[in-house]
Amino acid sequence: TDGRSRYVFFTQDMDHDVRSREETYRELRLALADCDRQLELHYQPIWSLEDRRMVGVEALLRWQHPEQGLVAPGAFIRSAEESGLITVLGEWVLRRAVQDARAWPGLRVAVNVSPIQLRSRKFVEIVREVLGHGGVTAERLELELTETALMAASGEVARSLADLRGLGVHCALDDFGTGYSSLSHIRDIAVDRIKIDRSFVNAVDTVPGAALVEAIVGLARANGLRLTAEGVETPEQLEFLERVGCHEVQGYLFSRPVPASAIARLLTKRAGE
Ligand code: C2E
Ligand code: CA
Ligand code: CA
Ligand code: CA
């Protein structure tokens with residue numbers, strides 16, 4: 001069979017239908033043991049709308065499966081969370097992202113963090129240690145958390161978040177709008193940035209969609225938060241986001257996620273050119 005059809009097969013909720021959970025866990029453990037060959041980070045550039053320069057990258061995990069080929073994270077993050085392997089996997093991602101970021105002075109590097117990682121107090125210690133190796137200042141690291149993680153901010157999670165921000169690390173609320181929190185929660189959320197979910201960006205060509213994004217941007221700005229719009233695919237979406245005052249954009253219109261080696265040559269590109 002060709003690689004393409006296998007990719008499709010594997011991404012269809014593999015852990016719950018086609019393959020047993022046990023099999024996925026076993027393969028994930030093997031991948032972690034062989035991480036330098038089977039795991040890879042791709043980076044998607046993030047561009048500023050203020051000066052059109054690249055200001056950051058988001059690290060996105062890829063699994064180079066020995067038989068299935070390249071597997072996207074949607075197919076295995078949930079399994080990793082259910083099995084607890086996300087703790088080790090997430091630590092690998094953090095270390096690799098900070099290491100790669102040394103080659104990109106001044107760029108912010110955003111890392112996705114599962115709520116399960118945050119629940120462990122050890123996470124703060126790992127972040128402190130990783131930054132302690134030098135080369136990347138805390139301000140350049142941004143942790144992307146979902147509303148689920150922030151809303152379930154039990155004592156432990158809230159303390160971890162406060163400690164992380166105390167280190168100087170920035171936090172972003174990922175997939176904004178898809179969780180349970182309402183717009184009115186914006187002022188209570190202890191983050192530096194909001195990432196507007198792709199589904200909202202995708203709807204700005206409708207009257208209610210445009211009104212919603214404009215409201216999110218207005219409220220976030222009034223509360224001193226920075227904004228990044230995700231999944232920007234068309235020049236019309238870009239034009240709209242710029243007009244309503246969104247600070248940064250990310251999406252296929254500018255670049256897909258690329259291997260670390262491809263970032264350097266994108267540094268001179270300007271958004272929208
Ligand atoms: P996310 O954090 O919302 O990441 C953005 C996803 O949107 C990525 O999918 C990216 O490739 C895709 N994307 C970016 N621009 C566009 C666009 O213009 N159009 C469309 N249609 N898609 C776009 P990807 O890489 O498959 O990642 C899926 C999800 O997996 C991520 O969503 C994130 O929640 C999770 N994930 C990825 N890497 C990690 C990781 O290291 N740790 C954890 N815990 N989760 C991760
Ligand atoms: Ca993210
Ligand atoms: Ca997102
Ligand atoms: Ca998402």
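1. Asp174 counts as buried, because its relative accessibility is 7%; buried means under 20% relative accessible area, exposed over 50% and partly exposed in between, with a 1.4 Å probe and protein chains only. This is a predicted model, in which local features need pLDDT of at least 70, side-chain atom pairs count only at pLDDT 80 or more, and totals for chains, interfaces and linings use all residues. Residues are numbered from 1 along each chain as its sequence is written, chains are lettered from A and ligands numbered from 1 in the order in which they are written, and side-chain values use heavy atoms, leaving out hydrogens and water.

2. Which residues hold the calcium ion (ligand 3)? Asp174 (OD), Asp175 (OD) and Glu230 (OE), the last listed twice, coordinate this ion at 2.2 to 2.5 Å. Donors are N, O and S atoms within 2.8 Å of the metal (3.2 Å for Na, K and Ca), and sites may look incomplete because water is not among the atoms. Along the chain, the donors of ligand 3 follow the spacing D-D-x54-E.

3. Now look at the neighbouring ions. Asp174 coordinates both the calcium ion (ligand 3) and the calcium ion (ligand 2), which are 3.8 Å apart. Asp175 does likewise for the calcium ions ligand 4 and ligand 3, which are 3.7 Å apart. For ligand 4, the listed donors are Asp175 (OD) and Asp175 (OD), at 2.8 to 3.1 Å. Asp175 lies in strand S6 (residues 170-176) and is partly exposed, with a relative accessible area of 26%. Strands (E, at least two residues) and helices (H or I, at least four) are DSSP runs, numbered from the N terminus.

4. Helix H12 (residues 235-244) is a nice one to rotate on screen. Its buried residues are Gln237, Leu238, Phe240, Leu241 and Val244. They sit on the same side of H12 because they cover an arc of only 165° around the axis, taken from the directions from the helix axis to the C-beta atoms. On the other side of H12, Pro235, Glu236 and Arg243 are exposed. The cover over the buried residues includes helices H10 (198-201) and H11 (207-222) and strands S8 (226-229) and S9 (248-249), where contact means heavy atoms within 4.5 Å. Gly245, with a positive phi near 100°, follows H12.

5. Pro208 has its place in helix H11. Buried or exposed, at a relative accessible area of 60%? Pro208 is exposed.
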